[in-house]
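Reader: Hey, I've got a structure open and I'm a bit lost. Can we go through some residues together?
Author: Sure, here it is.

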Amino acid sequence: MNFIKGRIKIIDWYIISKYLGTFIYTLTLFVVIIVIFDLSEKLDDFLGNNLTFWQVISLYYAGSIPFYVNMLSPLINFIAVIFFTAKMADQTEIVPILSGGVSFNRFLLPYFISAFIIFSINLASNLYILPYTNQIKNNFENTFIKKNDPTSKTDIHMKLDDHTYIYMRSFDNRSKVGSQFSLDNFKGDILTKKIVADEIKWDSLKRSWKLTNYSVRNIDGLKESMVNGATKTKDTILDMRPDDFSAYDNVFENLSNKDLSDKIKKERIRGSGIMNDLLFERYKRYLQPLSAFVLTLIGVALSSRKVRGGVGLPLGIGIILSFCYIVLNQFAKMFSLKGGISPLFAVLVPTIFFGLLGYYLLRKAPK
């Protein structure tokens with residue numbers, strides 16, 4: 001604590017308070033605006049499902065507001081830095097600081113302290129808060145907002161482990177029911193067991209699967225035995241969950257870090273084609289918060305010079321760069337999930353590109 005007090009000066013506290021104050025105020029304002037527009041757009045869905053005010057708040061906005069905060073945080077961070085720094089430059093507050101013997105690199109210290117605070121909060125949120133709030137938001141949307149969207153997958157083939165393969169004609173995510181199920185168990189290239197069922201259903205209480213109208217065929221060389229369960233049901237435990245067959249594209253956002261790691265391990269065995277989605281989600285949680293440092297650097301470099309026109313010019317440039325950042329993020333994600341490029345590279349592309357831009361602008365900034 002004494003070390004911090006010795007290093008951080010009054011001007012540093014002034015910049016930190018300006019930075020974080022502007023960031024929190026602007027972020028709150030944007031979130032309120034988004035919630036108002038979102039409410040007006042979804043009001044018919046809320047009324048059509050006879051939802052109370054408390055249900056809308058607790059089942060939807062309790063999950064969607066943290067999502068909006070996380071989504072807007074990098075851009076609001078960028079705009080906030082440009083706004084208050086350009087205002088300081090316009091009021092000739094930066095020139096005396098640099099003229100008083102403070103180097104430009106030292107001038108950046110309070111900015112990066114603030115950026116580190118935002119980075120830490122975003123990282124903790126990505127790892128420990130958003131997986132649970134996203135689950136609240138996505139479950140509500142899938143149940144009430146997207147209720148007319150397709151909820152089933154068809155012709156599902158999956159490898160559960162090195163010896164076990166399953167097939168389902170279709171699986172419905174809402175009812176958690178699959179049809180025309182079959183399971184083949186091999187020892188090497190030899191089939192040792194085959195299970196067939198007209199229907200398979202997930203029992204959330206027992207956390208097991210229930211087979212209906214099933215048959216089990218056991219094969220031991222030339223010997224075979226058959227268990228016929230027509231008109232009967234059978235509980236069985238299999239290394240799969242309903243989420244493995246989800247038709248929704250937001251299911252990976254709901255996974256905790258442990259569940260996400262477990263799913264990645266299973267996907268290495270199963271090879272069902274969702275590995276890029278899983279890895280992109282993992283890298284995004286850890287690496288996207290780094291944008292706080294990169295965008296702060298660009299913001300200071302852009303707005304620390306006093307220009308004719310005041311705050312308007314750097315703020316306008318900042319908004320344009322913000323849209324460029326969003327577009328680059330979306331293109332990188334699309335090429336990762338659909339184009340086959342590395343998820344790690346896709347997550348890092350916006351940070352690397354804007355980091356190089358920030359370094360160039362820093363070299364050109366007045367010292």
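Reader: Where does Phe-335 lie?
Author: In this predicted model, Phe-335 is part of helix α10.

Reader: Is Phe-335 buried or partly exposed?
Author: Partly exposed, because its relative accessible area is 41%, and the buried label needs under 20%.

Reader: Which residues form the nonpolar patch on the surface?
Author: Phe-335 is one of them, along with Val-327, Phe-331, Met-334, Ile-341 and Phe-345. Together they have about 540 Å² of accessible area.

Reader: And which helix gives the most to that patch?
Author: That's α10, with four residues.

Reader: OK, new topic. Where is Gln-288 found?
Author: Gln-288 sits in the loop between α8 and α9. With a relative accessible area of 27%, Gln-288 counts as partly exposed.

Reader: What is Gln-288 in contact with, leaving aside its neighbours within four places in sequence?
Author: Gln-288 touches Tyr-283, Asn-329 and Val-347. Take Asn-329: it's 41 residues apart from Gln-288 along the chain, and their C-alpha atoms are separated by 9.9 Å.

Reader: What about helix α8, how far apart are its end C-alpha atoms?
Author: They're 18 Å apart. Helix α8 covers residues 275–287, and at 1.5 Å a residue its 13 residues should span 18 Å, so the two agree.

Reader: Hang on, why 18 Å with 13 residues?
Author: Because the expected span is 1.5 Å times one less than the number of residues.

Reader: Ah, got it. Which residues of α8 are buried?
Author: Met-275, Leu-278, Leu-279, Phe-280, Glu-281, Lys-284, Arg-285 and Leu-287. They pack against several helices, including α6 (109–145), α9 (291–303) and α11 (343–364).

Reader: Some of those are charged, right? What do the side chains of Lys-284 and Glu-281 do?
Author: They meet in a salt bridge, at 3.3 Å from N to O. In helix α8 the two are three residues apart, so about one helical turn separates them.

Reader: And what links Glu-281 and Arg-285?
Author: Another salt bridge, this one at 2.9 Å, N to O. Glu-281 and Arg-285 are four residues apart in α8, so again the separation is about one helical turn. Both are buried, and for Glu-281 the relative accessibility is 8%.

Reader: Why does that spacing suit a helix?
Author: An α-helix has 3.6 residues a turn, so residues three or four places apart point the same way.

Reader: How many salt bridges does the count come to?
Author: The count is 12 salt bridges. Another one joins Asp-38 and Lys-42, whose closest N and O atoms are 2.6 Å apart. These two are four residues apart in helix α2 (residues 10–48), so about one helical turn lies between them.

Reader: Are Asp-38 and Lys-42 buried or exposed?
Author: Asp-38 is buried, at a relative accessible area of 6%. Lys-42 counts as buried too, at 10% relative accessibility.

Reader: Last one: where is Asn-77?
Author: Asn-77 is in helix α3 (residues 53–90). Its relative accessible area is 1%, so Asn-77 is buried.

Reader: Which side chain does Asn-77 make a polar contact with?
Author: The side chain of Tyr-19, at 2.4 Å. Leaving aside neighbours within four places in sequence, Asn-77 is also in contact with Phe-23, Ile-118, Ala-292 and Thr-296.

Conventions:
Residues are numbered from 1 along each chain as its sequence is written. This is a predicted model: local features need pLDDT of at least 70, side-chain atom pairs count only at pLDDT 80 or more; totals for chains, interfaces and linings use all residues. Side-chain values use heavy atoms; hydrogens and water are left out. Buried means under 20% relative accessible area, exposed over 50%, partly exposed in between (1.4 Å probe, protein chains only). A polar contact is a pair of N or O atoms within 3.5 Å; within protein, one must be able to donate a hydrogen and the other to accept it, and residues adjacent in sequence count only if both atoms are side-chain atoms. Contact means heavy atoms within 4.5 Å. A salt bridge is a side-chain nitrogen of Lys or Arg within 4 Å of a carboxyl oxygen of Asp or Glu. Patches are made of residues with over 30% relative accessible area and no salt bridge: like charges are joined within 9 Å, nonpolar side chains (Val, Leu, Ile, Met, Phe, Trp, Tyr) within 5 Å. Accessible areas come from the Shrake-Rupley method with a 1.4 Å probe; for residues, only the protein chains shown count as cover.
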